[in-house]
Amino acid sequence: MKKIWVIDDDQAIRWVLDKALQKAGMQPRCFERVGDLWQALQAERPDVLVTDIRMPDISGLELLRQVKMRYPDLNVIVMTAFTDLDSTVIAFQEGAFDYLVKPFDLNEALALITRAVEQSQNTAGADTAISSIDNNSVDKMMSKSSSRAMQDIFRAIGRLAPSKVTVLITGESGTGKELIARALHKHGARVNKPFVALNAAAIPKDLLEAELFGHERGAFTGASHLRKGRFEEANGGTLFLDEIGDMPLDLQTRLLRVLAEGSFYRIGGTQPVNVDVRIIAATHQPLETRVAQGSFREDLFHRLNVIRLRVPPLRERKEDVPRLVRHFLQLSAAGLGVATKRLSPDAMRVLQDFDFPGNVRQLENFCHWLTVMSPANVIGKSDLPPELLSSLTHYLPADAGAGQSNVAEDISFSSVPASASQAAQPVNQSFMSESEAQLQYAESQRFADNTPTMASSVSEQGSEGWLMLLEKEVLRQLMLGTSGIMDNLTTEFEKKVLSTTLAYCRGHRSEAATRLGIGRNTVTRKLKLLGFADE
């Protein structure tokens, strides 16, 4: 029976894991204090140790470090509720088998512990390199993710960073592929060597070769001195080739030779230049498709595609939006020297509902826009950028309030005549004439029968529901560049009020005038002015 030891100062976690491990046919033993664990380790050793990362007497990472120093073959799983890139990578660098994010699924936890038991303990730490890491040097944005997809990326960074293996990073534009590349470099053994980035799509074809490989003096007109290329600049470190899918075919051939031989010739040079460079490439394009189309070399693709990391788009990890928003707002405020702004819950919900076609880069731009343009320290829904507001034009807000029903649904009963139902329809439509309203007496009677129900519903909504719809329509027309908004909306408002009131009053103008608080002649005049057909 496999012995699984658990150390956590949380009694509930210990209890749950103890019961689950027993049920799975394992032999658990739980500890609350590190001193008790060390004392037990002197007498026997478990098959797997599961430790919390934050405990009152010692850090789980420090415990991991000490355990691996004394018992290097012992597989250790780290549990944490505080997921960030630094702690994840350091855990792997200190020799952790893997880590669990609290709250975790028990089945997943048991599956992970089972894998740790089955793993050959002789190879648990063979490929793990320990290097001195400056935690503050890593881009803090990489720590602003708690989504499962990004946790998988963090795990991969932890495993890949110490090695020299070539990595291909794929994902849509704006997802942060360069940040992943920088994290791989900064958490690896080459952290004190150069990190050089080159965007293959941003440099003209005629200049790209010289950028990559450099040139000798006199190699071509204007080459007045020797120039080192990016490969030489990155010697001993990491070369990040962004948008590798846009690299011309002839340069792909030269790149393939460098990857295979570790040497190249500068333009105009006769002596080979030897370099030791780790290659990290990135692209938003499907390279398999480009290979099939003949625009990307298949052998280069396989050379680059040793390890592939897919960075998920922001729409697949919307749980990261709030933390990213706070991070970007802080950065923008610091850069502008102003107080940090924050989003209201309504505004945050709008951001989380947005699909962000430009991904994290678009979210960062939104936050900078809000820092500059929003007049208040607390950003409301109406303060959001036009792109976000336009996405809300055709549906009601998600924050209409708990327990409140949709305004349009409340007043669009199947038993309501067409004239009343029109009150919930878009403003740009035709209205019935007074004569048409008179012909619908029977339906108006049904409308009157439903008046108590409808009145109760509308009274529960208050005036906020239609005012929010009005606000949306005004914003929509503003963003469309419409002129004369006041006159247009006033006209549509009067049409709605008149048609609905006439239907309610069974087409009687005198009664409608009384209910509206205006004269009968005014009703007649407005009907003609607004284009209603004469009786």
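Here is a friendly exchange about a predicted model, moving from the whole chain to a few of its parts.

Biologist: Before we start, which residues count for local features in this predicted model?

Modeller: Residues are numbered from 1 along each chain as its sequence is written, and side-chain values use heavy atoms, with hydrogens and water left out. Totals for chains, interfaces and linings use all residues, side-chain atom pairs count only at pLDDT 80 or more, and local features need pLDDT of at least 70.

Biologist: Thanks! How many helices and strands are in the chain?

Modeller: Helices (H or I, at least four residues) and strands (E, at least two) are DSSP runs, numbered from the N terminus. By that rule the chain has 25 helices and 14 strands.

Biologist: What percentage of the 535 residues is buried?

Modeller: Buried means under 20% relative accessible area, exposed means over 50%, and partly exposed lies in between (1.4 Å probe, protein chains only). Of the 535 residues in the chain, the buried share is 48%.

Biologist: And what share of the contacts with a separation of 6 or more joins residues 24 or more positions apart?

Modeller: A contact here means heavy atoms within 4.5 Å. Taking the contacts in the chain with a separation of 6 or more, the share from residues 24 or more positions apart is 71%.

Biologist: Let's look at strand β11. Why is β11 described as largely enclosed?

Modeller: Both faces of β11 (residues 278-283) are covered. R278, I280 and A282 are buried on one side, and I279, A281 and T283 on the other. The strand is therefore largely enclosed by the rest of the structure, the buried count being 6 of the 6 residues.

Biologist: Which residue of β11 is the bridge partner of V167?

Modeller: Two strands pair if DSSP finds at least two bridges between them. Strand β6 (residues 167-170) runs parallel to β11, joined by 4 bridges. Along this pairing, I169 stands opposite A282, and the partner of V167 is I280.

Biologist: Which residue is the partner of V167 in β12?

Modeller: β6 is also joined to strand β12 (residues 307-310) by 4 bridges, again running parallel. Both faces of β6 are covered, with V167 and I169 buried on one side and L168 and T170 on the other. In β12, V167 has as its partner I307.

Biologist: Which residue in β11 is the bridge partner of F240?

Modeller: Strand β8 (residues 238-242) pairs with β11 in the parallel sense, over 4 bridges. The β11 partner of F240 is I280.

Biologist: Now L287. How far is its C-alpha from that of G245?

Modeller: L287 is found in helix α11 (residues 287-293) and is buried, with a relative accessible area of 3%. Leaving out residues up to four places away in sequence, L287 touches L168, I244, G245, F296 and F301. L287 and G245 are 42 residues apart along the chain, and their C-alpha atoms are separated by 6.5 Å.

Biologist: What does helix α15 span from its first C-alpha to its last?

Modeller: The expected span of a helix is 1.5 Å times one less than its number of residues. For the 15 residues of α15 the expected value is 21 Å, and the model comes close to it, reaching 21 Å.

Biologist: Which elements do the buried residues of α15 pack against?

Modeller: The buried residues of α15 include V360, L363, F366 and L370. Their packing partners are α13 (321-336), β13 (342-343), α14 (345-353), β14 (378-379) and α16 (386-390).

Biologist: Is N359 buried or exposed?

Modeller: N359 is placed in helix α15, and its phi is near 60°, a positive value in a residue other than glycine. Most residues other than glycine have a negative phi. At 0% relative accessibility, N359 is buried.

Biologist: Where does F356 lie?

Modeller: F356 also has a positive phi, near 50°. F356 is buried, with a relative accessible area of 1%. Its place is the loop between α14 and α15.

Biologist: Last one: which helix gives the largest share of the nonpolar surface patch?

Modeller: L336, V338, W369, V372 and M373 form this patch, with about 450 Å² of accessible area together. Patches are made of residues with over 30% relative accessible area and no salt bridge (a side-chain nitrogen of Lys or Arg within 4 Å of a carboxyl oxygen of Asp or Glu); like charges are joined within 9 Å and nonpolar side chains (Val, Leu, Ile, Met, Phe, Trp, Tyr) within 5 Å. V372 is partly exposed, with a relative accessible area of 48%. The largest share of the patch, 3 residues, comes from helix α15.

Definitions and conventions
Accessible areas come from the Shrake-Rupley method with a 1.4 Å probe; for residues, only the protein chains shown count as cover.
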